[in-house]
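Visitor: I would like a close look at a single part of this structure, with enough of the surroundings to place it. Could you walk me through one strand and its neighbours?

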Amino acid sequence: MKVLICFLFLLGGLSNTILSQTLVEPNQNFQWESFSFRFPEPVVVKEESTTQKKLNVYPAKRDGFFMVVRILPWSEPVTEKNLWSQSVFQKPINPKQTEKIVLGKTFQVYEADQIRNQNALRNQVWVHMDKKPYLWIWLQWKSDRKDLTDFFESNLFLSL
């Protein structure tokens with residue numbers, strides 16, 4: 001009986017999410033896994049470590065953007081990369097797809113504007129699947145924040 005109870009506690013511990021939270025100052029390099037990110041203003045970064053590794057980024061002082069970063073767990077890349085844009089964009093306005101190379105890494109970038117809860121929002125999904133670790137980044141910010149548009153569209157958040 002004790003073995004069964006220990007096994008259940010161990011199984012429960014492995015399936016639960018482990019979270020940690022960090023405050024990151026503007027333009028400070030934040031290291032996560034083998035990647036480095038910078039942010040335009042103070043942010044709270046929440047790391048989630050389970051079988052899938054995930055990072056959530058929220059502004060610390062004012063509303064304006066959020067960012068979700070995931071390391072994709074597949075052993076082989078998915079050939080249909082458009083599925084990623086369809087999973088994020090609902091009724092996109094002027095959708096675009098481009099390819100960007102940042103520090104030698106190739107990203108497929110899907111971009112579109114959206115209206116959600118009466119807010120004009122800009123969305124980008126960055127997918128890097130050239131080699132492991134495969135990376136998926138979802139950025140969303142308010143369209144009226146020109147400073148954020150300049151920062152994210154200039155790829156300043158990636159310092160790989």
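**Strand β9 and its surroundings**

Guide: Gladly! Keep in mind that this is a predicted model. Of the 160 residues in the chain, 39% are buried. The fold contains three helices and 10 strands, and in sequence order these elements read α-β-β-β-β-β-β-α-β-β-β-β-α. Among contacts with a separation of 6 or more, 43% are between residues 24 or more positions apart. As for the surface, the chain exposes about 9,500 Å², with 53% of that area coming from carbon and sulfur atoms.

Now to strand β9, which spans residues 119–128. Eight of its 10 residues are buried, so that the strand is mostly covered, where buried means under 20% relative accessible area. β9 pairs with β8 and also with β10, and we can take these partners in turn.

Let us begin with β8, residues 105–116. The two strands run antiparallel and are joined by nine bridges. To find your place in this pairing, look for Glu-111, which sits opposite Gln-124 of β9. The connection between β8 and β9 is a hairpin with two residues between the strands. One residue to look for in that turn is Asn-117, whose phi is positive, at about 50°.

On to β10, which covers residues 134–142. Here too the strands run antiparallel, this time with eight bridges between β9 and β10. A handy marker is His-128, whose bridge partner in β10 is Leu-135. This connection is also a hairpin, and five residues make the link from β9 to β10.

While you are in this region, have a look at the aromatic rings. Across the whole structure there are eight aromatic pairs. One of them is formed by Phe-151 and Phe-152: their ring centres lie 5.4 Å apart and their planes meet at 85°, so this pair counts as edge-to-face. The cut-off for that label is an angle over 60 degrees. Both rings belong to residues that are buried: Phe-151 has a relative accessible area of 8%, and for Phe-152 the value is 0%.

These two phenylalanines also belong to a wider group. Ring pairs connect Phe-151 and Phe-152 with Phe-65, Phe-107, Trp-126, Trp-141 and Phe-157 in a cluster. By residue number, Phe-107 falls within β8, Trp-126 within β9 and Trp-141 within β10. That brings us back to the strand we started from, with Trp-126 as its member of the cluster.

Conventions
Residues numbered from 1 in each chain as written. Predicted model: local features only at pLDDT ≥ 70, side-chain atom pairs only at ≥ 80, totals over all residues. Heavy atoms only, no water. Helix = DSSP H or I, 4+ residues; strand = E, 2+ residues; numbered from the N terminus. Buried < 20%, exposed > 50% of the residue type's maximum accessible area, 1.4 Å probe, protein only. Contact = heavy atoms within 4.5 Å. Areas by Shrake-Rupley, 256 points an atom, 1.4 Å probe, with all protein chains shown as cover. Phe/Tyr/Trp six-rings, centres within 6.5 Å; stacked < 30°, edge-to-face > 60°. Pairing = 2+ DSSP bridges.
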